[in-house]
Amino acid sequence: MSLTTILMTVFSTTLIYAAPLIFTALGGTFSERSGVVNVGLEGMMIVGAFSSTVFNLAFANVLGSATPWISLLVGAVFGLLFSILHAVATINFRADHIISGTVLNLMAPALCVFLTRIFYSGKGQTPVLDQSMGTFTFPVLSQIPFIGKVLFTRTSLVAFLAVLVGIASWYFLYRTNIGLRLRSVGENPTAADTLGINVGTYRYLGVLLSGFLGGIGGAVMAQSITLNFSASTISGQGFMSLAAMIFGKWNPLGATGAAIFFGLAQSLPIIGGYIPVLSHVNSVWFQIAPYAITVIVLVFFLGKAVAPAADGQNYIKGK
Amino acid sequence: MEDYVVEIKHITKKFGDYKANDDISLQLKKGEILALLGENGAGKSTLMGMLSGLLTPTAGEILINGKKAVMSNPRDAKKLGIGMVHQHFMLIPAFSVLENIILGDEPTKGSFINYQKAAATIQALAQKYQLDIDLKAKVRDITVGMQQRVEIMKALYRQANVFIFDEPTAALTPQEIDQLIKILRALAAEGKAVIFITHKLKEIKEVADRCVVIRMGKVIATVEVSATKEEALAEMMVGRKLNFALDKQKMAQEKPVLEVKGLNVEAHKQLKVAGVDLTVHEGEIVGVAGVDGNGQSELIEALTGLRRVKKGSIKVNGKQLQNASARKISEEGVGCIPEDRQNVGLILPLTIAENLALKDYYHAPASKHGFLNYKLINQTGKQLIKDFDIRSQSETEFVGDLSGGNQQKVIVAREIAKNPALLIAANPTRGVDIGAIEYIHEKIIEQRNAGRAVLLVSFELDEILKLSDRIVVMHEGQIVGEIDPQHTSSEELGLMMAGKTPVSQNR
Amino acid sequence: MFNKSFKGLSTALISIIAGFIVGAIAMLVFGYDPLQNYQNLLVGSLGDIYSIGETLRNMIPLILTGLGFAVASKAGFFNIGGPGQYLMGWFGTIAFALHFSQLPGIILIIGALLCGALAGGIWSLIAGVLRAYFGTSEVITTIMLNYIALYFVNFAVKNWLAAKGSDSSPNIARKASLNTHFLQELTHNSTFNWGFFIALVIVGLVWIYFNKTRSGFEIKAVGINEAASKYAGVNVKRTIVIAMLLSGVLAGLGGAIDGLGNFQNISVSNNLPNVGFNGMAVALLAAENPIGIVFAALLFSALQIGGLSISVYSNTPSEIVEIVIAAIIFFVAIKYVFERFLKKSWLTRKQQAKKEGADK
């Protein structure tokens, strides 16, 4: 294989694996920036993966090749609906954020596999999708010598979309007044409240956005990687996204970058075989790498101060 | 009838059966500075909470500019032109000064914040009121004085007409207080009305036009400040004549108990205690005066084994104790009443008896072979509750359920019961009522009279002046002077605290 | 003290009832008969000697991983690492039992269990040390360690224990099993094993540890207030490390007993073992009380074992029991709502009367 082909494979595989992580990590960023810790991303992804798969299977013959894209939206909506559970528990009912997030992670697989069995005659997994997200070649850009082949040929369109969402998220959080307010309730809800900012509203916004984006993340996973839904469709990607969010210091651009890095790490076991230097390395190292790197980064490079100051604290009025 | 900006009429606020405010009325005129005087727990904060929309009254009404005001949240109060400068600043350390000021009322261009416009508006206000602030700095990097100016600017930016200042001078240097008083006068001169909550009589005399005194939720008196003496104000606040005379016996004060030499301590990689020499003798109270944040906390932490000593030595009764563990230091006879009662001194969800045993639970007789003797721990607790007059239902009640004063008594009991050679007391009376203050002061003097060494660190100058045999002043981590409380005034102390005159050379 | 456990008990009961109602609604929505299914569930879990044996056996890992979570939680840490620690324990035990199969039975069993407990302990110790000395959030490190454990164990089973091309290790020697003939005959060939009694003994030890010992008191104190404990002279770092170590030892022991008593071998797996998360659920329902954990484990175990027969006697998916479990924990999480409700009702008055009585 030529260098160009290898690079193209590495790049596109990385993006395919990174896309679900980017969306979900951005979701986590919104939630935690508003002060609600979100270990329930895994559950939100499961719901997104399940609902998008069901929709895709049901409407593929009507919607044709547009199906996977509309399925993303369906996954987003159901992810959002599911995240209401977390919002109600933490914002209205003062639940511990980690316990509530864990409930999402317990509830999502139970509910989704339960429904899978009901919808698909007792089977624990759905049939395989006919309409899935394939690779995409950018019309003009792919003509650029070398770069066009490596970056813009047979690549993941949804990953490019994810990166755009990451950039938009940064502008939203750091340049708009809604973003400023959302961050303020995650830093010092009491201060925000004295300025007439409704803490609950902005925290709801943060959590629902995380459900929306987490749902997309799960949907992308199902529509472009596993191509069906079962209990093991989402196996740790939610937690990996959480890691990407932390690695990226709760910043949308950082989270996007970290997610791409984890995408690379995840794609290594697959592409490692093509690359001479890596083909002798046991794949267990690639599997462990994202998690081990996160721990190491946390230990050596991250101070405590970077998390939003009131992350995980319930706001009790009049205290 | 005069035009009042704020008129509070017969307001009552109940929490359950407890009346925090009982039929309170007061009026505030345009351009006036009104002081609200009362002890901790007298109901000042409750009253201001209702005026700023955080609480709603049980009965009575508030008129703003002659109209009945209904305020169910802070936004309503803000709309009516009421600006609150909280005692604990309501700022976001991670945000810039500019972001803190505009938060909630951001000028926008499209969906984006218009930072230029915001900065221009604020700069104009800053010039008008002579408020020196740096808009780009992060709040976590600026001084307490500037943080307060940011709070004032927040209210100005929202076009407030009524300013409420809640204990604004508590953490300021004397110079910063002067600056604040100038700002208050400037506000009043521009026709704003100011409510100034405090328990410091001197500041009232200096700045306020009228003073409303409240006690136990009721208005005791409303007086013209210029026609009232400080002593009279104090009596109104407390409700009885105060007995400040303390029974200090003459002590030998020869044998040194604590000897600190050339002590350097760092916090967050900054030198916080720089070359401190300090000696406390038997039967002596040494007061450490200084503005909050000048290294006192780090000094105490180093003395009690909670923070590493960078350089220098600490000796207690001749034993080297720098960088010894907290437990070892406690075993060598150092007791400590810590600054932060609820977060450091006590473990609130544990029982009174367990808290009383916190420094003794680990060795015999309370603990044998790794097992705790709860019977003994509870018995000891019961005895101490009796000896130290801790008002509680039983020794197995949770400490968190006690009042602030009684919680402080638990700490005092625990530390004194161990008969320490050296007692360190850090702001021992902060936030407790006058009765408990008197009690704690008596206990500290008792220790002194029993021949023990006492190191008292306090931000309350009156407390330092009253109790100490000798006063040292800390400024930016150094001891900048030593004075005899008999021959000094709070003015002189204040100057030294600000690092102005190293008095040791003056003498 | 009495008030607190009373409040905890009522919260737990309300949560359980509410969780079952949620399950019933889910079944009604999809046209299944909740009463029939709950009856099947009861029969399937406790209806005969065999089912009782299965239910009791299934309690073992729930109790131990639950205790593990509770110990960390008392010290103020949220140890989500139960699944990884359990897995390491399981692996450590099977590896020991296979490697030292020539040892006499009782020594082999003790050695294997200790090895498993230690493997689980080391796994949580990593998180404890990082927390104590670097301030790294244990929530994140334990999550990450779960996946590292999963991939490591898969790798190790495939490359070190299993025959070439196989995804499972061989079975351990019969003498190393905790599931003896005597117990099999007694419980009509269920997987009930001696590990159950080990688990109960451990429950007692943990109770004593927290209520009677100095070290347990220190863990509680550090968990409530680190600064105050430091001021009182407690070695906070050491206490954190001890608490996390114990936590992992307990979860690891759960995996160890399951290895020797239930599975008899270890296989490659796609997912983290659910039991680690369910143990967390058990501890949360029991409000981290060791005695409460036994009852919470009984409930969840019965749900799981009974759930298997739900899908045998009807076409209701057995995942319904997982939904019930998740719902119960949801209600435990929002207990503030009931506590406020209970506070307003007769309970307060009754408690106050009790309090006043106790004073005299």
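Biologist: Which residue stands opposite His475(B) in this predicted model?

Modeller: That's Gln478(B), which sits in E24(B).

Biologist: And how do you know that E23 and E24 of chain B count as paired?

Modeller: Pairing takes at least two bridges. Strand E23, residues 470–475 of chain B, and strand E24, residues 478–483 of chain B, share five bridges in the antiparallel sense. Five bridges satisfy the cut-off of at least two, so the strands count as a pair.

Biologist: What happens to the phi of Glu476(B) in that hairpin?

Modeller: Glu476(B) takes a positive phi near 45 degrees, and the hairpin has two residues between the strands.

Biologist: Over to chain A, then. How many helices and strands does it have?

Modeller: Chain A has 12 helices and zero strands, so the pattern along its sequence is just α repeated.

Biologist: What makes chain A as compact as a globular protein of its length?

Modeller: Set the value against the rule: the globule rule gives 20 Å for 319 residues, and the radius of gyration of chain A is 20 Å, so chain A is as compact as a globular protein of that length. The C-alpha atoms fill a box of roughly 65 × 50 × 40 Å along the principal axes.

Biologist: Why do 60% of the residues in chain A get called buried?

Modeller: Because buried means under 20% relative accessible area, and 60% of the 319 residues of chain A count as such.

Biologist: What supplies the exposed area of chain A?

Modeller: Chain A exposes about 11,600 Å², and carbon and sulfur atoms supply 68% of that.

Notes:
Residues are numbered from 1 along each chain as its sequence is written. Chains are lettered from A and ligands numbered from 1 in the order in which they are written. This is a predicted model: local features need pLDDT of at least 70, side-chain atom pairs count only at pLDDT 80 or more; totals for chains, interfaces and linings use all residues. Side-chain values use heavy atoms; hydrogens and water are left out. Helices (H or I, at least four residues) and strands (E, at least two) are DSSP runs, numbered from the N terminus. The radius of gyration is taken over C-alpha atoms; the globule rule is 2.2 Å times the number of residues to the power 0.38. Buried means under 20% relative accessible area, exposed over 50%, partly exposed in between (1.4 Å probe, protein chains only). Accessible areas come from the Shrake-Rupley method with a 1.4 Å probe; for residues, only the protein chains shown count as cover.
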